[in-house]
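Q: Please take a close look at one part of this model, the small open sheet and what packs around it. I would like one connected account that also places this part in the chain.

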Amino acid sequence: MWRVSGEKGLEGPAGVDHSERGGAVLLDGAAAVPSPRAEEPERPSWRGALERFGHRPTDRAGTAERLAPPMPDGPGVTPDRVPPSPLLLRLGVRLPDALWSWLCRWAGWLGPLVVALFAGVLRFSGLGGPHSMIFDETYYAKDAYSLWQVGYETSWPDDANGKILSPVQSIPFRTDPSYIVHPPVGKWVIGLGEQLFGMNPFGWRFAVAVLGTLSVLMVARIGRRLFRSTLLGTVAGLLLAVDGLHFVMSRSALLDLVVMFWCLAAFGFLLLDRDRTRALIARRLEHTPGGDWLFLGWRPYRLAAGVCIGLTLATKWSGMWVLVVFWLLGALWDTGARRLAGARHPVRGALWDSVLAGVVLFVVTISVYVASWAGWFASSTEPGKGGYGRDWALHRGGLSPEHIGGVRMPFQVDLTWVPDALRSLWHYHATMWDFHVGLTSPHTYQSNPWSWLVVGRPVSFFYESPKLGQSGCTVNECAAEVLGIGTPLLWWLGLVALLYCLYRSVLRADWRAGAIVLGLAAGYAPWFLYQERTIFLFYAVIFVPFLVLAVTMMLGALIGPATASRDRRVIGGTAAGLLVLMVMWNFLYFLPIYTGQTIPMDDWRARMWLNSWI
């Protein structure tokens with residue numbers, strides 16, 4: 001099957017086209033070859049001189065094709081019959097025509113599903129160990145149980161952990177409310193696994209492991225759509241599957257993996273919205289040239305993105321920054337589409353869409369957030385018998401806050417007319433805000449966000465030092481640890497990849513690199529505003545998918561454009577493959593300290609590459 005790649009920066013099936021314009025003809029299953037060209041007019045002498053030094057100009061695709069470039073093989077794209085692969089034929093392999101055509105048609109799903117299955121096996125193997133409440137599971141596992149029982153978080157006795165984890169289990173559940181500082185969605189998710197499999201480590205980790213596995217599939221599909229390459233999408237999914245931090249967080253009942261999942265889902269829906277909107281503009285150009293439209297119609301994917309942003313915010317408040325950055329990303333994409341379509345005033349046209357989209361995103365996000373507190377709203381207003389603070393505004397008049405976010409308001413208004421439940425929730429949130437901004441208590445494993453990308457200070461979720469004969473220890477001294485740390489080689493490679501993406505986004509106006517940088521910034525940059533706050537490296541899991549996409553884009557550049565020579569692509573592909581293998585080896589080397597395996601102390605020390613990891 002022949003296909004013309006036409007969008008600026010469009011990829012071949014095994015690499016990224018880094019020319020300013022597409023124009024290579026790709027033969028599925030074989031190396032890319034230049035497309036046949038019509039006889040060209042006489043060229044300037046300077047162009048001929050550049051070509052002698054290896055410059056290869058490419059053809060400019062039509063506007064419609066640049067707006068909506070073709071996807072790789074998949075349903076609706078691949079014909080019913082696909083010619084045999086020349087590469088497999090050279091290797092002496094010929095698959096039945098029907099099987100080969102089916103594989104080509106579903107290649108866009110087969111690769112991502114395989115790496116997602118690989119990720120799932122890793123994440124669910126031994127999920128119930130360690131048999132303990134590791135790190136903040138001591139809060140969220142019990143809060144999740146309470147939510148599913150009475151709709152709000154309750155207090156637990158000091159000896160609750162021991163009774164829950166005892167071989168003869170008892171659950172000392174009480175109904176008196178507990179003060180909590182995070183919204184409920186992540187705990188609803190954790191509690192779902194507890195309802196299915198019981199109040200035990202496997203139960204409270206199950207749903208998070210499901211989201212971790214699904215996020216690998218999502219990254220593979222997002223990478224495929226972003227780079228227009230099934231191979232690179234599959235590589236992105238594989239790299240996420242073997243990232244240590246993502247792996248550890250997928251096996252822990254904490255909130256941050258849930259935050260990452262909804263943030264990634266929102267990005268995926270925005271990407272779908274981008275492709276759908278540009279295809280709509282391309283169709284409109286057939287009838288009305290110019291691209292000056294005030295309204296692009298119903299945008300269901302953007303609404304879905306708003307729901308996911310709302311769920312992000314309803315898991316942790318860091319979702320506020322996701323809302324702002326993703327709205328900006330959508331506005332930039334709309335402006336670029338209108339400019340490419342030839343709009344006389346692309347910014348003005350996109351402004352209408354962006355203002356409307358911003359209002360819709362905000363309303364949807366806040367609506368989802370408020371709805372997530374349904375259990376708290378439904379609880380009793382009788383003191384001590386409902387959610388924490390549920391009765392605060394009962395029979396209480398009041399004015400609007402004197403300070404909001406530390407800023408003194410110029411005036412106050414009477415808010416007695418606002419329903420008691422909403423005023424109580426607002427007051428509760430004010431106390432939560434004060435807690436978060438004032439959290440400066442020192443912690444052994446806290447870290448500064450400047451150190452995150454170099455994995456300077458990981459978090460020990462669980463640690464034991466068994467002696468000979470204890471917990472499978474076969475030497476005098478052993479160690480068993482669950483260390484929340486990214487795969488070091490992947491993260492250090494990610495530093496280089498981010499520099500590459502910054503170059504591509506700023507100097508080459510590459511929208512894909514810009515999207516990756518903004519997606520990473522949404523989860524990373526806000527923490528620099530709170531450097532005095534007690535924060536941890538595992539918060540960084542929210543931007544790990546974008547770090548992986550940056551590495552994948554750099555690997556595509558290493559492989560080379562579709563128009564590169566065979567030798568260039570062989571060398572580049574070999575180098576890229578070796579880098580992926582090194583990352584996989586690094587993950588397997590650290591696997592014992594990701595899963596809490598009992599290993600000799602000398603083996604544990606060998607894995608402490610930096611003193612700050614201890």
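A: The account below starts with the whole chain, goes through the sheet and the core, and then turns to other local features.

The model is predicted. Its secondary structure comes to 22 helices and ten strands. The chain has 614 residues, and 53% of them are buried. Among contacts with a separation of 6 or more, 73% are between residues 24 or more positions apart. The exposed area of the chain is about 27100 Å², with 65% of it supplied by carbon and sulfur atoms.

The sheet in question is open and has three strands in the order E8-E9-E10, paired antiparallel. E8 (459-464) and E10 (598-600) are the edge strands; each has a single partner strand, so one side of each is left without a neighbour in the sheet. From one strand to the next, the twist averages 40°. Strands of a sheet pair through backbone hydrogen bonds, in either the parallel or the antiparallel sense. Here E8 is joined to E9 (residues 478-484) by five bridges, and the two run antiparallel. Glu-464 has Ala-480 of E9 as its bridge partner. On the E10 side, E9 pairs over three bridges, again in the antiparallel sense. Ala-480 takes part there too, with Thr-598 of E10 as its bridge partner.

Helix H21 (residues 566-595) packs on this sheet and touches E9 and E10. The direction of H21 makes about 95° with that of E9.

How many residues of E9 are buried? Seven of its seven residues are, so to count E9 as mostly covered follows from the 20% limit on relative accessible area. In a regular strand the side chains alternate between the two faces of the sheet. In E9, Cys-478, Ala-480, Val-482 and Gly-484 point one way, while Ala-479, Glu-481 and Leu-483 point the other way. Both sets are buried.

The sheet also leads into the nonpolar core. The largest such core has 141 residues, and the members that touch the most others are Phe-326, Phe-461, Trp-491 and Phe-538. Helix H12 (256-285) gives the most to this core, with 13 residues. A second, separate core has six residues, including Ile-281, Ala-282, Leu-285 and Ala-337. Leaving out residues up to four places away in sequence, Phe-461 touches Ile-134, Phe-135, Val-248, Met-249, Ser-252, Leu-254, Val-482 and Phe-538. One of these contacts, Val-482, is a residue of E9, and another, Phe-538, is itself among the core members with the most contacts.

Ahead of the sheet lies Val-455, in the loop between helix H17 (420-437) and E8. Most residues other than glycine have a negative phi. Val-455 is not a glycine, yet its phi is positive, about 45°. Val-455 has a relative accessible area of 0%, so it counts as buried. Ala-509, in the loop between helix H18 (488-507) and helix H19 (511-524), also has a positive phi, near 50°. Ala-509 has a relative accessibility of 52% and therefore counts as exposed, the limit being over 50%.

Two further places concern the backbone. Gly-129 and Pro-130 are joined by a cis peptide bond with omega about -5°. Pro-130 lies in the loop between helix H5 (107-124) and H6.

H6 (137-150) is also one of the helices that the buried residues of H8 pack against, along with H9 (201-227), H12 and H13 (300-313). The buried residues of H8 are Val-185, Gly-186, Lys-187, Val-189, Ile-190, Gly-191, Gly-193 and Glu-194. H8 has 13 residues (185-197); at 1.5 Å a residue it should span 18 Å, and its end C-alpha atoms are 19 Å apart, which agrees. Gly-198 follows H8 and has a positive phi, near 100°.

Last, Thr-234 sits in helix H10 (residues 230-241). Its relative accessible area is 17%, so Thr-234 is buried. Apart from neighbours within four places in sequence, Thr-234 is in contact with Gly-111, Pro-112, Val-115 and Ala-220. Arg-221 is 13 residues from Thr-234 along the chain, and their C-alpha atoms are separated by 7.7 Å.

Key: Residues are numbered from 1 along each chain as its sequence is written. This is a predicted model: local features need pLDDT of at least 70, side-chain atom pairs count only at pLDDT 80 or more; totals for chains, interfaces and linings use all residues. Side-chain values use heavy atoms; hydrogens and water are left out. Helices (H or I, at least four residues) and strands (E, at least two) are DSSP runs, numbered from the N terminus. The expected span of a helix is 1.5 Å times one less than its number of residues. Buried means under 20% relative accessible area, exposed over 50%, partly exposed in between (1.4 Å probe, protein chains only). Contact means heavy atoms within 4.5 Å. Two strands pair if DSSP finds at least two bridges between them. Axes are lines fitted to C-alpha atoms, for helices over the stretch in contact, and angles run from 0 to 180 degrees between N-to-C directions. Accessible areas come from the Shrake-Rupley method with a 1.4 Å probe; for residues, only the protein chains shown count as cover. A nonpolar core is a set of buried Ala, Val, Leu, Ile, Met, Phe, Trp, Tyr and Cys residues joined through side-chain atoms within 4.5 Å.
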